[in-house]
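The following exercises concern a sheet and the packing around it. Please examine the sequence and the model before reading each solution.

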Amino acid sequence: MTDYDGQLSDLLQTVRDVVRRRWLTLALVAAAVLALGIVLMFMMTPKYETTARIRVDPAQSVAQNTGGGTNLNPEAIETEVAVLNSLELAREVVKRLKLTNDPEFSAGLANRPDAATLGQGDRETLVAQSLLGHLGVERDKLTYLIAVSFTSKDPVKSARIANTFAEAYLDTRVGTNAGAAEKQSEQLKRQAAQLGEEVRAADAAVASYRARAGLTTTGDGTGSGGTIVDQQVAPLSTQLATAESEAAAARASVSAAEGQIARGGLDAVSEVRNSNVVAELRRQRAEVLRNVGEVQARYGEKHPEYLRVRDQLSSIDSQIKDEAQRVIGSLRANATAADARAASLRASMGRLESERAVNTQASVMAQSLERDAVAKRAAFDRASQLALESTQAAQNRISQAVIVDRAQPPTKPTSPNKPLILALAIVAALAAGSGTIAVQEMLVTGMQTVEELENQLGIPVLAAIPKVPKSVNPADLLLEKPTSLFAESLRIARAGILGVRANTPPKIIAFTSALPSEGKTTTSLSFARTLASNNSRTLLLECDVRRAAMRALVSNPPVGPGIVEILHGKATAEEAIVPGDVPGLDHLLVRAPYFSSEDLFGADAMKNLLAQLRTRYDHIVLDLPPLVGLADGRFLSVLADATVLIVRWNGTPAAAAVSALGWLKSDGANPVGAIYTMVDSSAEAIGGLYYSKKYSAYYNQGN
């Protein structure tokens with residue numbers, strides 16, 4: 001089985017459980033809603049609806065298409081429907097049939113504050129408005145038929161009024177259509193003339209604005225081409241880019257030359273080294289330099305020839321330096337000129353951009369005016385076409401209509417639809433009943449299934465004890481019907497707590513709960529009786545001293561001292577323990593409710609008492625107080641060999657049970673499991689554990 005099938009099966013099981021438990025609520029709510037629906041159905045006044053049908057002739061309609069076809073457009077048919085629904089036509093029907101005093105339509109007129117001052121026209125208008133509330137007019141699917149329906153308490157009256165509406169519509173329509181066609185034609189002609197004037201004014205406004213804004217275009221004169229400024233921007237931007245590139249290159253050359261001068265002097269500049277003049281001077285210097293060596297070697301440094309050659313060498317060096325300075329100066333001049341040209345072009349570009357921004361704003365306004373002119377021209381074209389079509393249509397015959405199906409008095413009322421109302425009432429009844437029990441389920445805070453309890457608490461469910469009638473004492477039912485489902489559930493709890501094959505079953509077994517009124521005391525008494533019935537020497541020790549409810553459940557409540565007196569040292573166990581109402585069962589109960597702030601069970605007295613009693617009995621059953629809000633149960637649970645948490649089915653909140661179990665574990669108690677109490681016999685907690693229907697033959701409820 002897939003996960004989906006399993007989830008669906010669980011859902012259906014949950015629904016069945018809810019219906020079994022709350023079938024009475026479901027039945028009562030559904031019956032009440034169904035009865036209300038039936039009463040309302042029979043209280044409804046029968047009404048009769050009749051229908052007359054009118055056919056509109058498309059071949060003679062002023063609304064026909066001009067393309068030669070004979071189709072009546074939907075707008076034209078809706079117009080005829082609106083005419084049939086008009087107040088004026090209803091007034092005509094009221095006049096023809098003299099309905100101003102008809103009680104079905106004028107019943108409320110006498111109760112109006114101004115009833116005494118109403119004139120004949122006012123009464124006709126009010127009755128006509130009431131008449132329209134009973135009228136229904138609609139196109140019959142996609143045909144040229146218009147259905148006129150009227151609803152009334154009287155079938156004959158219903159048919160007569162429907163036919164009168166159709167007749168009044170035909171009479172009114174024939175008298176007005178001819179003049180309407182001519183008036184429509186004249187109106188369309190006037191509209192076309194007015195639109196023509198607006199088109200001419202819009203065109204003039206466009207031309208005037210372009211002239212004022214100076215929007216001279218290079219296109220076809222309609223504003224579709226670019227302006228002269230737009231044409232200048234593109235080449236100028238190209239020139240600017242080139243000039244800025246050249247200026248950057250020139251600045252780079254100057255920067256490189258200055259860097260080379262800083263590192264190695266003028267001779268290190270590449271432009272100087274590449275200069276033809278400098279190269280020629282360096283060649284001459286090399287020759288002179290050779291002459292200097294020869295003259296110096298031949299004549300000496302003071303000879304006139306040596307001095308002349310040396311002066312010639314100095315002259316050449318000076319020329320080389322001057323030429324190098326000129327080259328550097330030329331580079332700087334080129335860079336300055338390139339920057340100046342780029343700046344000039346940049347200024348020109350900025351001026352053109354400003355002019356283009358102004359032209360762009362003006363162009364947007366001009367385009368808006370042009371769009372307005374185009375829209376008006378299109379409207380003029382449409383109006384001219386409509387005027388031509390209307391003139392042609394006015395020359396044709398007016399639209400004709402005929403009644404093709406007169407209304408006949410029905411033999412059966414059309415409303416109320418009793419089968420439909422009954423079906424809806426049944427659906428509403430089931431929905432109301434289901435919704436009621438669903439809300440009840442959503443308001444429930446307690447746990448209902450074995451899986452839910454085990455998942456929430458993490459301990460096993462030892463047994464599920466069914467709910468018994470309020471008039472029956474559950475503990476007595478154990479004695480009166482030992483083979484009942486209730487008794488068997490206690491025996492299942494015994495097997496779960498003591499173990500089927502346990503070598504050392506627990507002697508001291510404590511029963512506690514998270515909250516009061518969860519069946520803890522009744523379960524403790526019933527479990528003690530179950531142990532005693534199995535030939536075990538058993539002691540039932542009541543520890544819920546503040547409530548002291550056990551005396552009301554047993555058949556022979558003791559009159560002597562109880563557990564409180566023993567713990568105070570005022571009595572002995574032999575004096576307080578009395579025989580129970582089942583052979584082998586003794587009782588040690590609380591004589592009267594006891595309220596004190598003392599730590600009654602936390603001292604060693606209770607521990608010593610249990611040690612003393614442990615040797616005398618096979619089992620000791622402790623009825624502890626609830627854990628939430630009281631401390632006594634936590635002291636006592638650690639003294640027991642096994643602690644059982646009582647959980648009221650569909651009553652104990654999961655959070656309270658989780659808290660109680662957490663305290664037991666943190667205190668060092670031994671929580672062996674939980675027992676569901678007061679479980680609905682049809683719930684999953686019972687059926688899932690016992691399959692009560694299949695095992696019904698095993699439970700003899702009569703013995």
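Two strands are counted as paired if DSSP finds at least two bridges between them. The model is predicted.

**Exercise 1.** Determine the order of the strands in the open sheet of eight strands, and state which strands stand at the edges.

*Solution.* Step 1: the order reads S5-S12-S11-S6-S10-S7-S9-S8, and the pairing is mixed. Step 2: S5 (461–466) and S8 (578–579) each have a single partner strand, so one side of each lacks a neighbour in the sheet; these two strands stand at the edges.

**Exercise 2.** Establish in which sense S5 and S12 pair, and find the bridge partner of Ala464 in S12.

*Solution.* Step 1: S5 and S12 (residues 671–679) are joined over four bridges in the parallel sense. Step 2: Ala464 has Tyr676 as its bridge partner in S12.

**Exercise 3.** Identify the strands that helix H16 lies across, and give its angle to S10.

*Solution.* Step 1: H16 (residues 520–533) lies across S5, S6, S7, S9, S10, S11 and S12. Step 2: H16 runs at about 170 degrees to S10.

**Exercise 4.** Describe the largest nonpolar core and the surroundings of Val644.

*Solution.* Step 1: this core has 31 residues, and Ile497, Phe511, Phe527, Val644 and Ile675 have the most contacts inside it. Step 2: S5, H14, H15, S6, H16 and S11 each give two or more residues to this core. Step 3: H15 supplies the largest share, six residues. Step 4: beyond neighbours within four places in sequence, Val644 is in contact with residues including Leu462, Ile497, Phe511 and Ile675.

How values were computed. Residues are numbered from 1 along each chain as its sequence is written. This is a predicted model: local features need pLDDT of at least 70, side-chain atom pairs count only at pLDDT 80 or more; totals for chains, interfaces and linings use all residues. Side-chain values use heavy atoms; hydrogens and water are left out. Contact means heavy atoms within 4.5 Å. Axes are lines fitted to C-alpha atoms, for helices over the stretch in contact, and angles run from 0 to 180 degrees between N-to-C directions. A nonpolar core is a set of buried Ala, Val, Leu, Ile, Met, Phe, Trp, Tyr and Cys residues joined through side-chain atoms within 4.5 Å. Buried means under 20% relative accessible area, exposed over 50%, partly exposed in between (1.4 Å probe, protein chains only).
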